[in-house]
Every structure is written in structure tokens, then in C-alpha cells.
Amino acid sequence: MLLKGEADMNKYEIMIVTKIISDEELNAIIEKSKSIINSEGKVDKVDIWGEKALAYEISGSTRGIYTLITYSSTSSATKELDRYLKINETILRHMIVRKEC
């Protein structure tokens, strides 16, 4: 069964690096990200890598929590996700990559 506009959907991966936060705060970020994606697509996989050392200090942090989300969505939902992650102060870095099918 095709989702609405599935012909316009692309596959993406997003890596999110957050400050060291509680599990509840991390789950809130993941759930909000999933709800943005699910508005015009679907989440394939969420993989929490856990706490790791950063290659260099970012905003005073030397460690961060890494999360990888693989999903299919439209470009407009991806732009909204990018906007949300840019304004969230607990996000140190994020990168969205379009996967080739």
C-alpha cells in the first residue's frame, strides 16, 4: 500500500548528537522527530548509539549522545525536521543525508 505522495518520497538518514541529557529528554526529542517524519512519511529504524566522546569540544561539551534515524519522507517534512533540530538547544549537531536507492 502506497502512502500519500509516496512517489515523491526519498530515503534519508539523520544523525543527531545531543548534550548529555536524561533518557526522558532524549525520548522526547526522538518522539518529536518521529512525529514530524510521520506527518508525511514513515520511520524505518531508530538506533540509539549512546554516549560517546566528541572529536572536538562543541559548546563546552566533550561527550554527546548519538542517535541514528533512518526514514522515508518528503523534502518538506525533512525541512521541518531540520528546522526543529536547529532551534532545539540540547542538539549539538545533526546531519541529514539522502540515501540513494
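This is a short tour of a predicted model, going from the whole chain to one helix and then to the strands around it.

**Whole chain**

Start with everything shown as a cartoon. The protein chain has two helices and four strands. Read from the N terminus, the order is β-α-β-β-α-β. The radius of gyration is 14 Å, close to the 13 Å that the globule rule gives for 101 residues, so the protein chain is as compact as a globular protein of that length.

Turn the C-alpha trace along its principal axes. The spans are about 45 × 25 × 20 Å. Now switch on contacts. Of those with a separation of 6 or more, 73% link residues 24 or more positions apart.

Add a surface next. The accessible area of the protein chain is about 6300 Å². Carbon and sulfur atoms hold 51% of that area. Colour by burial, and 39% of the 101 residues come up as buried.

**Helix α2**

Select residues 75–87. This is α2, with 13 residues. From first C-alpha to last, α2 reaches 19 Å, close to the 18 Å expected at 1.5 Å a residue.

Show side chains for Ala 77, Thr 78, Leu 81, Tyr 84 and Leu 85. These residues of α2 are buried. Why do they sit on the same side of α2? Look down the axis: they cover an arc of only 120 degrees around it, which puts them on the same side of α2. The general rule helps here. An α-helix has 3.6 residues a turn, so residues three or four places apart point the same way.

Which exposed residues does the face turned away from the buried side carry? Select Lys 79, Lys 86 and Ile 87; these are the exposed residues on that face of α2.

**What covers α2**

Keep the buried side chains of α2 on screen. Add β1 (10–18), α1 (23–38), β3 (61–73) and β4 (91–99). These elements are included in what covers the buried residues of α2.

**Strand β1 and its partners**

Now isolate β1. Is this strand mostly covered or mostly open? Mostly covered: seven of the nine residues of β1 are buried.

Bring back β3. β1 and β3 run antiparallel, joined by nine bridges. To see one pairing, pick Ile 14; its bridge partner in β3 is Ile 69.

Then bring back β4. The pairing of β1 with β4 is antiparallel too, over eight bridges. Pick Glu 13 here, and find its bridge partner Val 97 in β4.

Conventions. Residues numbered from 1 in each chain as written. Predicted model: local features only at pLDDT ≥ 70, side-chain atom pairs only at ≥ 80, totals over all residues. Heavy atoms only, no water. Expected span 1.5 Å × (residues − 1). Buried < 20%, exposed > 50% of the residue type's maximum accessible area, 1.4 Å probe, protein only. Arc of directions from axis to C-beta. Contact = heavy atoms within 4.5 Å. Pairing = 2+ DSSP bridges. Rg over C-alpha atoms; globule rule 2.2 N^0.38 Å. Areas by Shrake-Rupley, 256 points an atom, 1.4 Å probe, with all protein chains shown as cover.
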